[in-house]
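Q: Please take a close look at one part of this structure, the salt bridges. Then set that part beside the helix contacts, the nonpolar cores and the loops.

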Amino acid sequence: MRDKLSAGRWITRYGKEELRLDGAAGLATGMMLIPQGMAYAVIAGVPPIYGLYAGLIPLLLYPWLATSRHLVIGPVAIDMLIVAAAVGAMAEAGTDRYIALAVAMAAMVGITQIAMGLAKLGFVANLLSRPVIDGFTTAAAIIIAASQLENLLGIDLPQSQYVHELLASAATQLDAMHGPTVAIGMGSIALLWSLRRFAPRVPQALVLMIVTILGSWIFDWEGQGVTVVGSIPSGLPSLAIPDVTFGDLQSLLPAAVTLALVQFMKDISLCRLFATRNKYTIDANRELMAVGTANLVGSFFRSIPVSGSISRSALNERLGARTPLHNLFAAVIIGLTLLVLTPLFYYLPLPALAGLIMMAALSLVDGKELKALFETRRRDFFIAIVTAAATLFVGIQEGIVFGIGATLLAVLYRISRPNVAELGHVPGTRLFRDIERFEQAEPLDNILVLRVDAAFSFANAEFFKEYILEKSEREGRDIRIVVIDGTSINDLDTTAVEALNTVVESLEESGIELHFTGLIGPVREVVRRSGLYMLMGGTHFHMDPHDAVVSILRKWDEDDEDSNRLEDYRASTEPRHRDSTPMAS
């Protein structure tokens with residue numbers, strides 16, 4: 001049975017066991033957040049300390065509004081890429097203005113998410129379909145990795161979100177690579193890969209940070225020309241309002257809305273995954289409020305945008321966290337780090353952070369997921385490829401827009417060209433099934449039975465009209481009746497009614513009658529109010545294809561005294577073999 005306690009109610013039954021498990025999980029994720037937060041801040045183009053600021057106030061606030069027990073929030077690589085793309089077009093990375101814009105973007109993302117939560121707009125994230133997210137994530141991972149070539153190779157690259165520009169610039173500077181920097185960067189990648197392969201339970205990023213800080217201090221890598229993090233201010237972030245103008249906020253708005261949607265889509269997917277595994281429920285709109293509040297309030301304490309982390313949340317679940325309070329314990333670790341440990345980070349080499357970022361980014365490329373899309377539904381795979389290509393070569397925000405556009409076009413195409421199946425009678429039953437899927441289904445003489453698997457609307461009215469008319473003309477047998485099984489038609493608009501009127505008139509001119517079966521209540525009401533019921537006649541509407549066939553054959557037999565087609569049909573419906581009845585259409 002699923003636990004349906006609402007957000008915050010867990011505090012009423014919080015005990016020693018919850019404290020022990022949440023504390024252990026929070027300690028581990030807090031230690032993991034230290035190197036990741038600093039590395040991801042570099043992706044955003046702000047000093048590493050801002051990654052730690054983002055791990056403090058937001059994590060203190062999120063638990064009190066959250067409904068997910070396992071989501072760990074903080075800086076996330078993909079979010080930072082969107083921040084860098086938006087802010088990088090307005091200011092030079094690392095400057096005071098750049099930092100102010102990045103922090104202001106956190107506030108705007110928070111306001112957007114809170115507004116969405118209050119308006120119950122959690123469903124809006126469904127615009128970002130699975131193929132769009134997969135394509136964007138794949139392209140973002142490649143961009144993130146390419147953006148770190150500067151720190152990994154010790155060269156100067158232009159500030160750009162386009163992979164081809166970064167790679168072209170790097171290729172022209174291969175002879176200017178700095179040997180010690182390359183060695184440290186590649187060594188960091190090798191160390192992370194080895195730990196991931198042979199010691200997966202070891203906190204890899206933390207080990208890398210300790211090893212490279214010690215190496216930098218002992219061997220004076222800074223003196224050898226290797227760039228290090230340098231001085232980091234100690235202490236907790238003070239209350240401050242980002243120094244930006246109204247024009248700046250207007251310029252940031254499209255990116256902020258995009259980031260709010262990307263964050264929510266990712267977060268709610270993670271929340272649902274953990275909730276399903278651990279048998280509890282989550283509230284999408286409450287999660288919007290929780291993450292939005294963390295972003296908004298956090299921005300007044302120098303936080304960059306935060307959202308749910310896949311790697312830290314997975315670790316948190318594995319360690320058995322019971323409530324959202326684990327975020328608070330992780331924040332305590334970050335707070336202690338800011339108060340005591342920041343001087344130690346002076347010697348942290350940037351190529352080590354670049355190696356960490358590259359490994360984290362490339363782990364986001366899910367080849368199995370793309371393969372599954374290709375094998376399951378080629379159209380979704382195409383949407384993912386379009387999204388990835390647009391993200392790589394047009395722009396990050398534009399890539400998401402392209403992906404959403406491709407998804408909507410695919411949906412409209414699917415609506416405008418829905419599946420229409422010809423049904424045949426299954427001997428020994430009263431069932432009618434798709435003759436292309438069931439060999440035993442047999443078409444009836446003079447009667448064409450069709451099933452429409454979609455709403456009948458303006459988007460597909462013309463398609464249906466042409467299909468029915470062409471099918472009845474080209475069937476290759478004398479068709480006197482067309483029966484449409486409407487059990488799958490859940491809507492009928494005025495354009496579709498007009499098209500049906502044309503179909504009825506065109507078929508009548510060819511001596512063919514049109515019948516409907518299985519129309520649901522709302523569709524029947526539209527048929528009656530539109531006058532289509534009167535035009536066709538009440539005897540042309542039936543419960544199911546079997547009833548329609550019985551009614552039609554009875555009328556034919558009444559018109560022809562020598563005909564006994566109804567008797568023959570009923571004989572064909574008598575059961576023959578108990579196990580031969582198809583279970584699905």
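A: The answer below takes the salt bridges, then a pair of helices, then buried residues, and ends with two loops.

This is a predicted model, in which local features need pLDDT of at least 70 and side-chain atom pairs count only at pLDDT 80 or more, while totals for chains, interfaces and linings use all residues. Residues are numbered from 1 along each chain as its sequence is written, and side-chain values use heavy atoms, with hydrogens and water left out.

Side chains of opposite charge can pair when their charged atoms come close. The working rule for a salt bridge is a side-chain nitrogen of Lys or Arg within 4 Å of a carboxyl oxygen of Asp or Glu. By that rule, the whole structure has 12 salt bridges. Three of these pairs can be described one by one, along with how far each partner is covered by the rest of the protein. For that, buried means under 20% relative accessible area, exposed means over 50%, and partly exposed is in between (1.4 Å probe, protein chains only).

One pair is R437 with D434, whose closest N and O atoms are 3.8 Å apart. R437 is exposed, at 65% relative accessible area, whereas D434 is buried, at 6%.

Another pair is R451 with D453, with 2.8 Å from N to O. Here R451 is buried, at 9% relative accessible area, and D453 is partly exposed, at 29%.

The third pair joins K555 to D559, with an N to O distance of 3.4 Å. Both residues belong to helix α23 (residues 545-559). Helices here are DSSP runs (H or I, at least four residues), as strands are (E, at least two), and they are numbered from the N terminus. K555 and D559 are 4 residues apart, so about one helical turn separates them. K555 is partly exposed, with 44% relative accessibility, and D559 is exposed, with 57%. Elsewhere, R130, D134 and E369 form one network through salt bridges that share partners.

Next come two helices. α16 (residues 367-376) packs against α17 (residues 378-393) at an angle of about 135°, and their axes are 5 Å apart. The axes are lines fitted to C-alpha atoms, for helices over the stretch in contact, and the angles run from 0 to 180 degrees between N-to-C directions. Angles under 35 degrees count as roughly parallel, over 145 as roughly antiparallel, 65 to 115 as roughly perpendicular and the rest as oblique. α16 and α17 are therefore oblique to each other.

Which residues make up this meeting of α16 and α17? Contact means heavy atoms within 4.5 Å. L370, L373, F374 and T376 come from α16, and they meet R378, D380, F381 and A384 from α17. The residues of this contact divide into 5 nonpolar, 1 polar and 2 charged. In that count, Ala, Val, Leu, Ile, Met, Phe, Trp, Tyr, Cys and Pro are nonpolar, Asp, Glu, Lys and Arg are charged, and the others, Gly among them, are polar.

In soluble globular proteins, nonpolar side chains tend to be buried together. A nonpolar core is a set of buried Ala, Val, Leu, Ile, Met, Phe, Trp, Tyr and Cys residues joined through side-chain atoms within 4.5 Å. The largest core has 102 residues, and V46 and M105 touch the most other members. Leaving aside neighbours within four places in sequence, the contacts of M105 include I82, V83, L252 and P305. A second, separate core of 32 residues includes L448, L469, I479 and V527.

A104 lies in helix α5 and is buried, at 3% relative accessible area. With residues up to four places away in sequence not counted, A104 touches P242, V244 and L249. Its C-alpha atom is 6.6 Å from that of S299, although A104 and S299 are 195 residues apart along the chain.

A charged residue can be buried too: E317, in helix α13 (residues 310-318), has a relative accessible area of 17%. Apart from neighbours within four places in sequence, E317 is in contact with H70, F274, R277 and N278.

Two loop residues complete the picture. K120 sits between α5 (96-118) and α6 (130-147), is exposed at 54%, and has a positive phi near 60° without being a glycine. D220 sits between α10 (204-219) and α11 (246-278), is partly exposed at 44%, and also is not a glycine, yet has a positive phi of about 50°.
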